[in-house]
Amino acid sequence: MKTILWATLTANGNYAQSGPEHPPKQEALDDFATHAKAAGNFIVGRRTFEGMRASGGGGAFAGMDIVVVSASIKELPGVTVAGSPQEALSYLQEKGHQTALIAGGADLHNACLGHGLVDELIFNVAPVLEGKGLNLLTDQDNYQYKDVQLLDFKALGSGVIQLRYSLGRS
Ligand SMILES: NC(=O)c1ccc[n+]([C@@H]2O[C@H](COP(=O)([O-])OP(=O)(O)OC[C@H]3O[C@@H](n4cnc5c(N)ncnc54)[C@H](OP(=O)(O)O)[C@@H]3O)[C@@H](O)[C@H]2O)c1
């Protein structure tokens, strides 16, 4: 099973945050929906899932396998809860999915990168700048430097640019 980490970055390289005052660009949301539909699933951290639920954004994903990663919660209605990213991936693999889409947020993405669980990166760079914010880290404690292979790039509209990279994991 291939694992894809999907994330929106800001033009100054932060991991983009969103909320009612700064909603994500529609093009990025549409792109996420396209990838989630293609995969038939997505994995999401508990905090991001709660944000999605509060904004009423879950309806578009009816019928998909949604896996919420949480160490503190064991059950949530309508979704599968996994205690770790590895458990979430095992669940989707056992269900026969060919691709797992890792949707964020930053904690979950960094855990997946740190454990070497990611095959491919999809970054949508939004035309916004942020001050102090979140970052994607391949290692939380040490300096690391790793080449990745550019697979594709394209404009999604409204100034959003998509970059796609392979991590060459296998
Ligand atoms: N730029 C993007 O593409 C993108 C995508 C999604 C979200 N976001 C933004 O990201 C922010 C939220 O991200 P976040 O980092 O605060 O939270 P998050 O990653 O969505 O959720 C964090 C929670 O997920 C669980 N979790 C994460 N890693 C785990 C692990 N290795 N094992 C067990 N449980 C784990 C824990 O839940 P428990 O505490 O329940 O144990 C943890 O508190 C928001 O600002 C949102 O707007 C951005």
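Hi everyone, let's start at a loop: G105 sits between β5 and α4, in the loop that links them. Before I go on, please keep in mind that what you see is a predicted model.

Why begin with that glycine? One reason is its backbone. The peptide bond between G104 and G105 is cis, with omega at about 5 degrees. For those new to this, most peptide bonds are trans. The other reason is the ligand: a polar backbone atom of G105 lies 3.0 Å from one of the ligand's oxygen atoms.

Side chains make polar contacts with the ligand too. R46 has a polar side-chain atom 2.7 Å from a ligand oxygen. For S72, the distance from a polar side-chain atom to an oxygen of the ligand is 2.5 Å. Taken alone, the ligand has 920 Å² of accessible area, and the protein covers 81% of that.

So where does the ligand sit? You'll find it in the largest pocket. And how many residues surround it? The count is 26, and the closest are T8, R46, T48, S70 and S72. By type, that shell has 12 nonpolar residues, 11 polar ones and 3 charged ones.

Now let's look at which elements build the shell. Four of them supply at least two residues each: β1, covering 2-10, α2, covering 46-54, β5, covering 99-104, and α4, covering 106-114. Which one gives the most? That is α4, with 4 residues. Remember our opening loop, the one holding G105: β5 and α4 are the elements on either side of it.

Next, a word on annotation. In an unreviewed entry, UniProt lists residues 84-161 as "domain: Bacterial bifunctional deaminase-reductase C-terminal". Along that stretch, the chain is 24% helix and 31% strand. Its end C-alpha atoms are 31 Å apart.

Last stop, S158. Look in the loop between β7, which is 149-157, and β8, which is 160-166. Phi of S158 is near 55 degrees, so we have a positive value in a residue that is not glycine. As background, most residues other than glycine have a negative phi.

Thanks for listening, and do have a look around the structure yourselves!

Note on methods: Residues numbered from 1 in each chain as written. Predicted model: local features only at pLDDT ≥ 70, side-chain atom pairs only at ≥ 80, totals over all residues. Heavy atoms only, no water. Near = heavy atom within 4 Å. Polar contact = N/O pair within 3.5 Å; in protein donor to acceptor, adjacent residues only side chain to side chain. Areas by Shrake-Rupley, 256 points an atom, 1.4 Å probe, with all protein chains shown as cover. 1 Å grid on protein atoms, 1.4 Å probe; cavity = no way out; pocket = protein on both sides within 12 Å on 5 of 7 lines; lining within 4 Å. Sits in = over half its atoms within 2 Å of the grid points. Nonpolar A, V, L, I, M, F, W, Y, C, P; charged D, E, K, R; others polar. UniProt positions renumbered as here; feature names shortened; annotations may be inferred.
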